[in-house]
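Trainee: Could you help me understand how labels such as "salt bridge" or "buried" are given to parts of a protein?

Mentor: Happily! Let's look at one together.

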Amino acid sequence: MAKIPESPLDIVGEFTSELTQIYGKDLLSIAMYGSGAIGEYVYKKSDINFLVVLTEHGIQDLAKSFDFVKNWKKRNVAVPLFVTESYIQSSLDSFPIEFLSMKQQHKHISGHDYLDEIEIDPKDLRLQCEARIKGNLLHLRSEFLLTLGQKKNLEALLGRTIPSFISLFTAMLFLKGIEPPKNKHNIFAETCKAFELDRLIFEKILAIREKTLKLPEEKLLQLTEDYIQEIRKLAAIIDQW
């Protein structure tokens, strides 16, 4: 039976070997990104994420990876992002936040390190930050109403919003000329400091997501409303840049 690795590094050799057998010379690069690459992997909870760069010929043979993907999903490996070099270069203006996040938080595994050499245009990054934060604000308000103020729903809402803001805050720190930390707690702390946000609000939300803090319904309701106001403040800041 396939085992979920206690450490992402435990599977790197096997993962690389299998992909090499499938694609041979069409395999140009493998990089791990996300929690597994920055030491925040949680056994049996975190997914392990890989970026796989193939040649133009190799990307047309994705069907060869059906069994590979099926088997590795049993070991908490997310479906790898299969891309080409040209896709990366032509998509930096479309997905600057995503590529910046991968560049900042990746571990090179094999082949050429494409993520290390990419350059993000600050104009593209600012524009996506504005779109993302205003979109998040709209969704946050809508989903807040759908909670009906109920404790369980509020906890779920606060917990699931955290991942999207990690990459967004990383991008905003980068735009402000601050080297983004790799640890998510430090990312939130630096963002609060840089943009004069209420750090305690975000610390509580992180603790709720990590199930180390329980609040009564009334305080959860107030925390969520305060959270929305902080995101609204950020939206006004990015709009002025």
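We will go through some charged pairs in this predicted model.

Trainee: Why is the contact between Lys 214 and Glu 155 called a salt bridge?

Mentor: The rule asks for a side-chain nitrogen of Lys or Arg within 4 Å of a carboxyl oxygen of Asp or Glu. Here the N to O distance is 4.0 Å, so the pair fits the rule.

Trainee: What makes this pair a tie between separate parts?

Mentor: Lys 214 sits in the loop between α9 and α10, while Glu 155 belongs to helix α7, so the pair ties together parts that are 59 residues apart in sequence.

Trainee: How do you know whether Lys 214 is buried or exposed?

Mentor: Exposed means over 50% relative accessible area. Lys 214 has 59%, so it counts as exposed.

Trainee: And why does Glu 155 get its label, buried or exposed?

Mentor: Buried means under 20%. Glu 155 has 18%, so it is called buried.

Trainee: What makes Lys 233 and Glu 230 a salt bridge?

Mentor: Their closest N and O atoms are 3.5 Å apart, and the cut-off is 4 Å, so they qualify. Both lie in helix α10, three residues apart, about one turn of the helix.

Trainee: How do you know which accessibility label fits Glu 230?

Mentor: Its relative accessible area is 8%, so Glu 230 is buried. Lys 233, at 34%, counts as partly exposed.

Trainee: How many salt bridges does the rule give?

Mentor: The count comes to twelve.

Definitions and conventions:
Residues numbered from 1 in each chain as written. Predicted model: local features only at pLDDT ≥ 70, side-chain atom pairs only at ≥ 80, totals over all residues. Heavy atoms only, no water. Helix = DSSP H or I, 4+ residues; strand = E, 2+ residues; numbered from the N terminus. Buried < 20%, exposed > 50% of the residue type's maximum accessible area, 1.4 Å probe, protein only.
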